[in-house]
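Subject: A structure for you to look at

Hi there,

I'm passing along a structure that I'd like you to have a look at. Please open it below, and then read on for what turned up in it.

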Amino acid sequence: MKKYKEILRVVLAISIIVVGVTHFVIPEPYVKIMPPQIPYPLGLVYLSGFYEILGGIGLLVPPVSQAAAWGLIALFIAVFPANINMAVNHIQLEHIPNSPWVHVVRLPFQAVLIAWAWWYTKSSLGEKQASIIPKSLIPKELELE
């Protein structure tokens, strides 16, 4: 399971980074699902995209990976109202099937993302952790192993 944990860490990190980038490249769908009561929807879409990118990168930097995982959990909770708004108001997005089943699956998937990030809030002491930074560049006082 430890081998898969690190593979899935990379999958989550890359997925979150890609989704974060799409917040900047094509923000319109994200703006469209924002609840109307929330001010500055475009600014918040950019902000959430920035934090998704940051969180994805952080998952792959051992000294900050636990904090990044907690940050992603907070982000997944923070964006949940947009997913609820999309489901409740049947907001159709291009390239996403407009089916109640899509919403039925999408809402609980947020819990899967939270659980997935939660897995990385635990210490990786003594375990080899996926990293974008060579171990030789991490100062000894910041090493988790």
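Let's start with one residue, proline 100, which is found in helix H6. Please keep in mind that this is a predicted model. Is proline 100 buried or exposed? Its relative accessibility is 58%, and exposed means over 50%, so proline 100 counts as exposed. If you look for alanine 87, you will find it 13 residues away from proline 100 in sequence, with 7.7 Å between the two C-alpha atoms.

Now for the chain as a whole. The protein chain has six helices and zero strands, so to read it from the N terminus is to read α-α-α-α-α-α. Of its 145 residues, 33% are buried. Among contacts with a separation of 6 or more, 67% join residues 24 or more positions apart. The chain exposes about 8,800 Å², and 73% of that comes from carbon and sulfur atoms.

Next, the pocket. The largest pocket has a volume of about 990 Å³. Its lining counts 39 residues, and those closest to the pocket centre are His23, Tyr30, Ile33, Asn83 and Arg106. Which elements give two or more residues to this lining? They are helix H1 (2-25), helix H2 (28-32), helix H3 (41-59), helix H4 (65-78), helix H5 (80-88) and helix H6 (100-118). H6, the helix that holds proline 100, gives the most to the lining, with seven residues. By type, the lining residues comprise 27 nonpolar, seven polar and five charged.

Then there are the nonpolar cores. The largest has 15 residues, and the members that touch the most others are Leu12, Leu59, Leu72, Phe76 and Tyr120. H1, H4 and H6 each give two or more residues to this core, and H4 supplies the largest share, with five residues.

Tyrosine 120 deserves a look of its own. Leaving out residues up to four places away in sequence, tyrosine 120 touches Lys5, Leu8, Arg9, Leu12, Leu59, Ser65, Gln66 and Ala69. Two of these names, Leu12 and Leu59, also appear in the list of core members that touch the most others.

A second, separate core has five residues, including Ile33, Ala82, Met86 and Ile91. You have met Ile33 already, among the residues closest to the centre of the largest pocket.

Enjoy exploring it!

Best wishes

Note on methods
Residues numbered from 1 in each chain as written. Predicted model: local features only at pLDDT ≥ 70, side-chain atom pairs only at ≥ 80, totals over all residues. Heavy atoms only, no water. 1 Å grid on protein atoms, 1.4 Å probe; cavity = no way out; pocket = protein on both sides within 12 Å on 5 of 7 lines; lining within 4 Å. Points joined across faces, edges and corners; volume = space filled by probe spheres on them. Helix = DSSP H or I, 4+ residues; strand = E, 2+ residues; numbered from the N terminus. Nonpolar A, V, L, I, M, F, W, Y, C, P; charged D, E, K, R; others polar. Core = buried A, V, L, I, M, F, W, Y, C linked by side-chain atoms within 4.5 Å. Buried < 20%, exposed > 50% of the residue type's maximum accessible area, 1.4 Å probe, protein only. Contact = heavy atoms within 4.5 Å. Areas by Shrake-Rupley, 256 points an atom, 1.4 Å probe, with all protein chains shown as cover.
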